[in-house]
Amino acid sequence: MADDLGLNLSLNLIPDDVLSSAAGGKKEKVFGDRRSRVQQRKELRRQKGDATKSDSLGENRSREKRKHEDDSDNDAESSVGNKAARTDSNHKTGAKKGKGSVVISSLFRKNPEVPVVSNAEVATLQENVFSGDTFRELPLHPYLISNLEEKQGFKQLTEVQKRTIPVLLQGKDALVKSQTGSGKTLAYAVPVVQSLQARKLKVTRMDGPYALVIVPTREVRNVYLFLLFQSFVWIVSGCLMGGEKRKAEKSRLRKGINVLVATPGRLMDHINTTGVLSLARVRWLTSDELYPMQKDVALIMNALKAQCPDPPQTVLLSATLSQGVERLSSITLSNPERVNVSDHAGSASATAGEASSPSAPPNGVTTSPDTESFSLPSQLKQHFLVTPCKLRLVLLAGLVLWKCKYSKPCSKMIVFLSTQDAVEFHAQLFAQVLGCKRTIQKKLSDLADTKTQGLQVFKLHGDMPQKDRSKTFQDFTATSSGVLLCTDVAARGLDLPHVDWIVQYTSPGATVDYIHRVGRTARAGSLGHSLLFLMPSEVGYVTELNRYRISLTQFDQSKILRCLLQNISDLPKPTSNTSGVSNSKLVCVRSLRCRTLHKTEFAP
Ligand SMILES: Nc1ncnc2c1ncn2[C@@H]1O[C@H](COP(=O)(O)OP(=O)(O)OP(=O)(O)O)[C@@H](O)[C@H]1O
C-alpha cells in the first residue's frame with residue numbers, strides 16, 4: 001500500500017532522454033512550441049467571443065498565466081512517454097527548472113515534515129558473549145571436546161553454554177534466556193550428545209527418538225548441530241520439516257532416528273496420522289524459540305505424556321523470555337532451573353533516539369519495572385530512518401546498492417518485509433532493475449562470474465516451494481554479498497553466517513519481533529548493523545523500544561544519496577532491457593537516477 005502510493009506519486013519523474021534534451025540545445029524548440037500553443041488558445045478564445053474578458057484582465061494576469069503555462073508545458077514535456085504523469089494532479093509542481101538547470105523532482109518536494117528526534121540516555125542491558133572458559137573444563141567425552149574445538153573451531157564456551165550445560169547434565173529442566181546469536185543451540189545439544197553416548201546400553205537407530213528438538217521454521221537446522229550429533233556415528237540424527245515429502249520422511253523414521261529435529265506442525269502430523277513415530281523412548285525435549293507456537297508445544301507435550309512412561313527432561317530457550325513463555329514453562333517444565341545470562345551482566349548507558357512526542361519523558365527514557373527488558377549484542381549498531389512514504393522505496397533501493405554493490409567489501413543484507421507479495425514484488429524489481437537478472441535462478445557456481453556486474457538478490461517466504469526455500473538458504477549462506485528479501489519466516493532462530501545489515505522496511509509488530517529480526521546479525525561476537533524504516537507518524541516506536549532498553553540512533557539519509565552520486569555512471573538506465581518489468585516498477589530506477597542526477601536539498 002505504502003509502496004503503491006510512493007510509486008503513483010513519483011510517476012511524473014523525468015525520463016533520461018528528456019532530461020538530456022532539456023539540458024541541451026532543444027530548449028528553443030520547446031519554447032517555440034509553447035508560444036504557438038498559447039497563440040492557438042488565444043485565438044480559440046477570441047473566436048468564442050471571450051476576447052473582451054481576456055483583455056480586461058490586464059497585463060499582470062496574462063504574465064502570471066504565461067508563467068503558469070511555462071511550468072505546465074515544461075512538466076508535460078518532461079513527462080513524455082508517461083501518460084500517467086500528465087493526468088497526475090501533482091504534475092504542476094513536478095519538476096521545476098530554475099537557475100543553473102537545477103531540477104527538483106516532485107518525489108522530493110512537498111513531503112510531510114520529518115519530526116525532530118532528539119537523543120536520550122538509555123541504560124541498555126549488556127551480556128558477555130564469551131566466558132573465557134573452554135570445553136575441557138566440562139565433564140565431556142574427549143572425542144566430543146576435540147570435535148568442538150578442532151573440527152568446529154569453538155575455542156571458548158559462550159556465557160550461556162557455560163551456565164546451561166552443567167544444569168542439563170544434572171538432568172534438570174531449564175528455562176534459558178540469552179541474547180540472539182549467543183550459542184543457545186550448543187547449550188542444549190552438547191548435553192544431549194554427551195548423555196546419549198554415555199548410555200550403558202549402546203543406542204541403536206532402531207530404538208527410535210531419544211531426543212526431540214522442536215524448532216520454529218524449516219531453515220533452523222543448523223549445520224553445526226548435525227555435525228555435532230554425528231560426532232558418534234551410532235547416534236543417528238534427522239529432521240522432519242513441513243514441505244518435505246512425507247513418504248521419504250516415513251521411510252527414514254522406519255529406519256530409525258535417535259535425535260529428531262522437527263517443526264511442530266509436521267511432528268504432530270506424523271504423531272497423529274502416519275503411525276510410524278513412537279515417542280516411548282524420548283528422554284529429552286527441547287523447544288527453541290517456540291513461544292509463537294505454544295499451542296503446538298502443548299499438543300506435543302500431551303502426546304508425549306500419553307506415550308512416555310516418564311516425563312522427559314525439558315528445556316525451553318529464547319532470547320526473549322516474556323511472560324508468555326513463562327506461562328508456557330509452567331505447563332511444560334517441572335521445577336525448572338532458570339538461566340538468565342543478563343542477570344549476571346551489567347547495564348550500560350547509551351545514547352538513544354527519543355522521539356519528541358508529547359508522551360516521551362523529557363529527560364531520558366524511563367523503563368517501568370513491569371516492562372521486560374531485552375539484551376541485544378553490544379556489537380550491534382542499531383539505527384532508524386524517518387522518511388516520508390514516497391521516498392521509502394528509493395531509499396531502500398539506494399541503501400541496497402550502496403551496501404551490497406558499491407561498498408568494498410560488499411555486504412550481506414537481510415530486508416524484512418511484511419507480506420509474501422511484498423517479497424515477490426521487491427525481489428523481482430531489484431533483481432531485474434538493480435541486479436543481475438538471472439541471479440535468483442542462477443547456479444551458485446556461476447555467481448562468482450556475475451559478482452562484479454550486479455547485485456545478488458535472494459528471496460524467502462512461507463509460500464515458496466521447499467526446494468526453492470532450501471536453495472535460497474544454501475545460496476545465501478554460501479555467498480559473501482547480496483540481499484535477502486524475506487518475511488518473518490527468517491526472523492527467529494536462523495543462523496546465516498556473516499550478515500552485516502538487517503533492514504526492517506516495515507516495522508515489526510511487537511518488540512520481541514524487533515529483537516529476533518535484528519538478531520540475525522552481530523552473532524557470536526561479530527559486528528552488525530540494523531536499520532528500521534519509520535514513517536513520520538511512526539516515530540513513537542523509537543520511544544517504545546527505549547522502554548525495553550533498546551537504544552537506536554537516527555540514520556542520515558544523505559549518506560545513501562552521496563553514495564549514489566559517486567556511482568551515478570553505474571546506475572541502471574530505465575531504457576535498458578527491462579522485459580517483464582511493468583512501467584510502474586521502472587519508476588524505482590528512474591527515481592534513483594533523477595534523484596541523484598538533480599541536486600536536491602539532500603545532496604551534499
Ligand atoms: N562456543 C562457541 N564459540 C564460537 N562460536 C560459537 C560457539 N557456540 C556457538 N557459536 C556460533 O554462534 C552462532 C550462533 O549460535 P546459535 O544459533 O546457537 O545462537 P542462538 O543463541 O541460538 O541464536 P538465536 O537466539 O538467534 O536462535 C553460530 O554460528 C555458532 O556457530
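**Figure 1. His 383 sits in strand E12, which spans residues 380-386.** The view comes from a predicted model. The relative accessibility of His 383 is 15%. Buried means under 20%, so His 383 counts as buried. Its side chain makes a polar contact with the side chain of Thr 553, at 3.3 Å. Leaving aside neighbours within four places in sequence, His 383 is in contact with Trp 501, His 529, Ser 530, Leu 531 and Leu 532. Leu 552, Thr 553 and Phe 555 are also in contact with His 383.

**Figure 2. The largest nonpolar core holds 38 residues.** Which of its residues touch the most other members? They are Met 413, Val 415, Phe 430, Val 483 and Leu 485. Several helices and strands each supply at least two residues of this core. The helices are H15 (392-406), H16 (420-434) and H21 (558-566). The strands are E13 (412-416), E15 (482-486), E16 (501-504) and E17 (528-534). H15 gives the most, with 10 residues. In soluble globular proteins, nonpolar side chains tend to be buried together.

**Figure 3. Val 415 and its contacts, seen close up.** Val 415 is among the core residues that touch the most other members. Neighbours within four places in sequence are left aside here. Val 415 is then in contact with Leu 396, Val 503 and Tyr 505. It also contacts a run of residues: Val 483, Leu 484, Leu 485 and Cys 486.

**Figure 4. Helix H12 covers residues 264-274.** Is this helix largely enclosed or largely open? Of its 11 residues, 8 are buried, so H12 is largely enclosed by the rest of the structure. The buried residues are Pro 264, Arg 266, Leu 267, Met 268, Asp 269, His 270, Ile 271 and Thr 274. Gly 275 follows the helix. The phi of Gly 275 is positive, near 70 degrees.

**Figure 5. The Q motif, as annotated in UniProt, covers residues 133-162.** The name comes from an unreviewed entry, where it is listed as a short sequence motif. Over residues 133-162 the chain is 47% helix and 0% strand. The end C-alpha atoms are 8 Å apart.

**Figure 6. The whole protein, for orientation, has 604 residues.** Its secondary structure comes to 22 helices and 18 strands. Of the residues, 54% count as buried. Take the contacts with a separation of 6 or more: residues 24 or more positions apart account for 77% of them. The accessible surface comes to about 27400 Å². Carbon and sulfur atoms hold 51% of that surface.

Note on methods
Residues numbered from 1 in each chain as written. Predicted model: local features only at pLDDT ≥ 70, side-chain atom pairs only at ≥ 80, totals over all residues. Heavy atoms only, no water. Core = buried A, V, L, I, M, F, W, Y, C linked by side-chain atoms within 4.5 Å. Buried < 20%, exposed > 50% of the residue type's maximum accessible area, 1.4 Å probe, protein only. Helix = DSSP H or I, 4+ residues; strand = E, 2+ residues; numbered from the N terminus. Contact = heavy atoms within 4.5 Å. UniProt positions renumbered as here; feature names shortened; annotations may be inferred. Polar contact = N/O pair within 3.5 Å; in protein donor to acceptor, adjacent residues only side chain to side chain. Areas by Shrake-Rupley, 256 points an atom, 1.4 Å probe, with all protein chains shown as cover.
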